[in-house]
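User: I am a first-year student and would like a close look at one part of this protein, its sheet. Please take me through it slowly and then set it within the chain.

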Amino acid sequence: MGVAPRLVDVPRVMGIVNVTPDSFSDGGRWDTTETAVAHGRLLLEHGADLLDIGGESTRPGATRPLVAEELDRVVPVIGELAGDGAIVSVDTMRAEVAEAALAAGAAVVNDVSGGLADPRILHVVADSDATYVAMHWRAHADRMRDFADYSPDGVVQTVRRELGERLAAIEAAGVPRERVVLDPGLGFAKEGRHNWELLASLDVLRELGCPLLVGASRKSFLGRLLADAAGPRPVEEREHAHAALVALLARSGVDYVRVHDVRATRDALAVVAAMEGTR
Ligand code: PMM
């Protein structure tokens, strides 16, 4: 008697390597090529399916690095990790950085602006065979707090419409939709309640016909959920809540999760797989 087929395919795990001095979650911890590569290798050992290498912090209020700084941060790390055989994604909004990252071996361009910050990035992706992650975005980090108004239609329908508009622009630039992954952009021009509403209604975004990626790891809405008299739960103590969320996301059919703690994520997914496999 065989084991029953699994009812859900567990999401693929994208491990985060922020080569930045100032990310909210892990800023400064892997900000040299050597420490970033070592961290990427550790995430692979823990079971990451792919690694997302970023050189620009997008935390609320952050100022942008120079293009040259961003290139210096990410390109050598991508070269080494892709050289190891890892599937590497570059987290950038800039065409020039995407181009250099693809030349260094990246297979995925993760653009938090969905092509709005630097529209040429869509042509760079079109000229490659890379996968393109298009996140819902409205403004750069220094101003995004001013753009969290989703009236009159509410956050779910508005994000669906705006992501649909991005998808049309992406396809018009020559990137086939088979290569596009969509992301609701938790925390980007969104308040906590917006994030929760989106998480509860991912099936609405799925109607756009692309795989979905969700990035909730260590974000401040989890800190606020777990707040006590001392204030929001600190960044490094949000992992249990995130693991619970990952299990629920697996059940709701999300295709990729972008996470800092690959080990905890894999543990959560092992529980889901065991439940599904034995039901
Ligand atoms: N969040 C951050 C950075 N890049 N990319 C995608 N596709 N989705 C996200 O939610 C996302 C992202 C900010 O988080 P970090 O500073 O911990 O990397």
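How much area does the chain expose, and what share of it do carbon and sulfur atoms supply? After that, please turn to the strands and how they are arranged.

Analyst: To begin with the surface, in this predicted model the chain exposes about 12,200 Å², and 52% of that area is supplied by carbon and sulfur atoms.

Turning to the sheet, it is an open one of eight strands, which pair in parallel and follow the order β6-β5-β4-β3-β2-β1-β8-β7. At the edges stand β6, residues 180–183, and β7, residues 213–214, and because each has a single partner strand, one side of each is left without a neighbour in the sheet. Strands of a sheet pair through backbone hydrogen bonds, and they may do so in a parallel or an antiparallel way. One example of the parallel sense is the pairing of β2, residues 50–54, with β3, residues 88–91, which runs over four bridges; for G54, the bridge partner in β3 is D91. A helix also belongs in this picture, since α5, residues 155–172, lies across β5 (131–135) and β6, and its direction makes an angle of about 160 degrees with β6.

Seen as a whole, the chain has 10 helices and eight strands. Its radius of gyration is 18 Å, close to the 19 Å that the globule rule gives for 279 residues, so the chain is as compact as a globular protein of that length. Of these 279 residues, 52% are buried. Finally, among contacts between residues at least 6 apart in sequence, 68% join residues at least 24 apart.

Notes. Residues are numbered from 1 along each chain as its sequence is written. This is a predicted model: local features need pLDDT of at least 70, side-chain atom pairs count only at pLDDT 80 or more; totals for chains, interfaces and linings use all residues. Side-chain values use heavy atoms; hydrogens and water are left out. Two strands pair if DSSP finds at least two bridges between them. Helices (H or I, at least four residues) and strands (E, at least two) are DSSP runs, numbered from the N terminus. Contact means heavy atoms within 4.5 Å. Axes are lines fitted to C-alpha atoms, for helices over the stretch in contact, and angles run from 0 to 180 degrees between N-to-C directions. The radius of gyration is taken over C-alpha atoms; the globule rule is 2.2 Å times the number of residues to the power 0.38. Buried means under 20% relative accessible area, exposed over 50%, partly exposed in between (1.4 Å probe, protein chains only). Accessible areas come from the Shrake-Rupley method with a 1.4 Å probe; for residues, only the protein chains shown count as cover.
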